[in-house]
Amino acid sequence: MIKKITNIFFEKFSTQPEVFRSPGRINILGEHTDYNEGFVLPAAIDKNIYVAISKRPDSEVHLFACDFNEQFVTNIYQIKPAQKQWPNYILGVVDQLQKNGHQVGGFNLVLDGDIPIGAGLSSSAAVECATLFGLNAVFDLGLTKIQMAPLAQKAEHVYAGVHCGIMDQFASLFGKKEHAIKLDCRNLHYEYIPANMGNYKIILFNSNVKHNLASSEYNTRRKQCEEGVAIISQNNPLVKSLRDVDMNMLNKYAALLDPVVFKRCKYVVQENERLLGACQDLKLSDLQALGIKMYETHEGLRKDYEVSCKELDFLVNYVKAIPSVAGARMVGGGFGGCSINLIHKEAVDKIISEISAAYETAMGLTLTTYQVTIEDGTAACNINN
């Protein structure tokens, strides 16, 4: 991939670039808790977005996306959202740098990668983080990764219109090989948790659907959680987010909440509790206990948060009765994308074969599968390798 993007860059711009990569992520537990100032447990994976960058002598910005075979040109002094979506993840980063007083000149950038788009693995955050890390290096801006994470998040808010929490960008930047990241989304304190999968493999089943509800419903869920917090905080001023709420408190104020809002809040409160337990499971290498929590999370996402879909439910329900699968759940924002599965290494091929056939029969869709490993976060690449 590095050689490919370097060659394309040279063909386009007749100069050698610097190349940077930023990984996609899985989230072992803690879905939809990040924007509620809760805990998340993501890990960077061995699938990346790559950007090749060089400075220009003028103020123009030339972007090229290999996947779409499309070019986009603008001026560094005229940064604004584009009609096409893919440039906005890059332009949003430039916009945030400018708004925060960082001087970026004209540049060339080629974008490529092997993170499946629409699979819930945060390819958009990886684009933002790779771009930000690369521009930081090329223009010597002096930003640290802890400063980059909120800038990349804000870029997605403003230019992509998705009011995501900080988990995706943080995981992409801070990933560590064979470790998950227990991240406190309130204060960005984090702890690396050993993620020794032992005889189990992390397998993603891509449903190959992405229902149009995803972005709009994501923002709706966020508003519903904020509505619940607003009502509870009227009675308990110490409550600033769902992070401050436990089930006893939520039940106490249940009568004041719309039933749908109560369900949304219930899921988030329970997920935070599950995640803290999951960290202990990983430290003890107890993948069976972790797997049970994954199934519980999927049920919460299906019934209380209502962000699953029939395709994801089929994939999780299919493996639930198989002893060699420790756990499974949908991953990502919802309404499509992947399920994440912990499958015993000796059963992987058999299960993939069987579920692929069953999924096509039941849903009329082809199942795509990925085995992923937990790897390091955003970094510069050696183009000589």
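The buried residues of helix α2 are Trp86, Pro87, Asn88, Tyr89, Ile90, Leu91, Gly92, Val93, Val94, Asp95, Gln96 and Leu97, so that, in this predicted model, 12 of the 14 residues of the helix are covered. The elements that cover them include the strands β3 (60-65), β4 (70-75) and β5 (107-113), together with the helices α3 (123-138) and α4 (145-160). The helix itself runs over residues 86-99, and because each residue should add 1.5 Å, its 14 residues are expected to span 20 Å, which agrees with the 21 Å between its end C-alpha atoms. Just after α2, Gly101 takes a positive phi of about 80°.

One residue of α2 can be followed in more detail. Asp95, which is found in this helix, has a relative accessibility of 7% and therefore counts as buried, the cut-off for that class being under 20% relative accessible area. When neighbours within four places in sequence are left aside, the residues in contact with Asp95 are Ile79, Val158 and Tyr159. Tyr159 is itself one of the buried residues of α4.

Helix α4 has 16 residues and reaches 21 Å from its first C-alpha to its last, close to the 22 Å expected at 1.5 Å a residue. Its buried residues are Met148, Ala149, Leu151, Ala152, Gln153, Ala155, Glu156, His157, Tyr159 and Ala160. Just after α4 comes Gly161, with a positive phi of about 75°.

The loop between α3 and α4 holds Leu141, which counts as buried because its relative accessibility is 16%. Not counting residues up to four places away in sequence, Leu141 touches Leu97, His102, Gln103, Val104, Leu135 and Asn136; of these, Leu97 is among the buried residues of α2. Leu141 and His102 are 39 residues apart in sequence, while their C-alpha atoms are 6.7 Å apart in space.

Positive phi values also occur in two residues that are not glycine. His32, with a phi of about 65°, is found in the loop between β1 (18-29) and β2 (39-55), and its relative accessibility of 5% means that it counts as buried. Asn69, with a phi near 50°, lies in the loop between β3 and β4, but this residue is exposed, because its relative accessible area is 60%. The four residues with a positive phi named in this report are set out below.

| Residue | Position | Phi |
|---|---|---|
| His32 | loop between β1 and β2 | about 65° |
| Asn69 | loop between β3 and β4 | near 50° |
| Gly101 | just after α2 | about 80° |
| Gly161 | just after α4 | about 75° |

Further along the chain, Leu290 lies in helix α9 (residues 287-303) and, at 1% relative accessibility, counts as buried. Residues up to four places away in sequence being left out, Leu290 touches Ile28, Ala278, Asp281, Leu282 and Leu342. The C-alpha atoms of Leu290 and Thr373, which are 83 residues apart along the chain, are separated by 17 Å.

Asn317, in helix α10 (residues 310-320), has a relative accessibility of 46% and therefore counts as partly exposed. Asn317 and Ala149 are 168 residues apart in sequence and 35 Å apart in space, taken from C-alpha to C-alpha; Ala149 is one of the buried residues of α4.

The chain as a whole gives the setting for these local descriptions. The protein chain has 11 helices and 12 strands, and of its 385 residues 60% count as buried. A compact globule with 385 residues would have a radius of gyration near 21 Å, and because the protein chain has 21 Å, the value agrees with that expectation. Taken along the principal axes, the C-alpha atoms fill a box of roughly 60 × 55 × 40 Å. Among contacts between residues at least 6 apart in sequence, 71% join residues at least 24 apart.

As for the surface, the accessible area of the protein chain comes to about 15700 Å², of which 48% belongs to carbon and sulfur atoms. The chain carries 38 positive and 42 negative side chains, and the centres of these two sets lie 1 Å apart.

Notes. Residues numbered from 1 in each chain as written. Predicted model: local features only at pLDDT ≥ 70, side-chain atom pairs only at ≥ 80, totals over all residues. Heavy atoms only, no water. Helix = DSSP H or I, 4+ residues; strand = E, 2+ residues; numbered from the N terminus. Rg over C-alpha atoms; globule rule 2.2 N^0.38 Å. Buried < 20%, exposed > 50% of the residue type's maximum accessible area, 1.4 Å probe, protein only. Contact = heavy atoms within 4.5 Å. Areas by Shrake-Rupley, 256 points an atom, 1.4 Å probe, with all protein chains shown as cover. Lys, Arg positive; Asp, Glu negative; His and termini not counted. Charge placed at Lys NZ, Arg CZ, Asp CG, Glu CD. Expected span 1.5 Å × (residues − 1).
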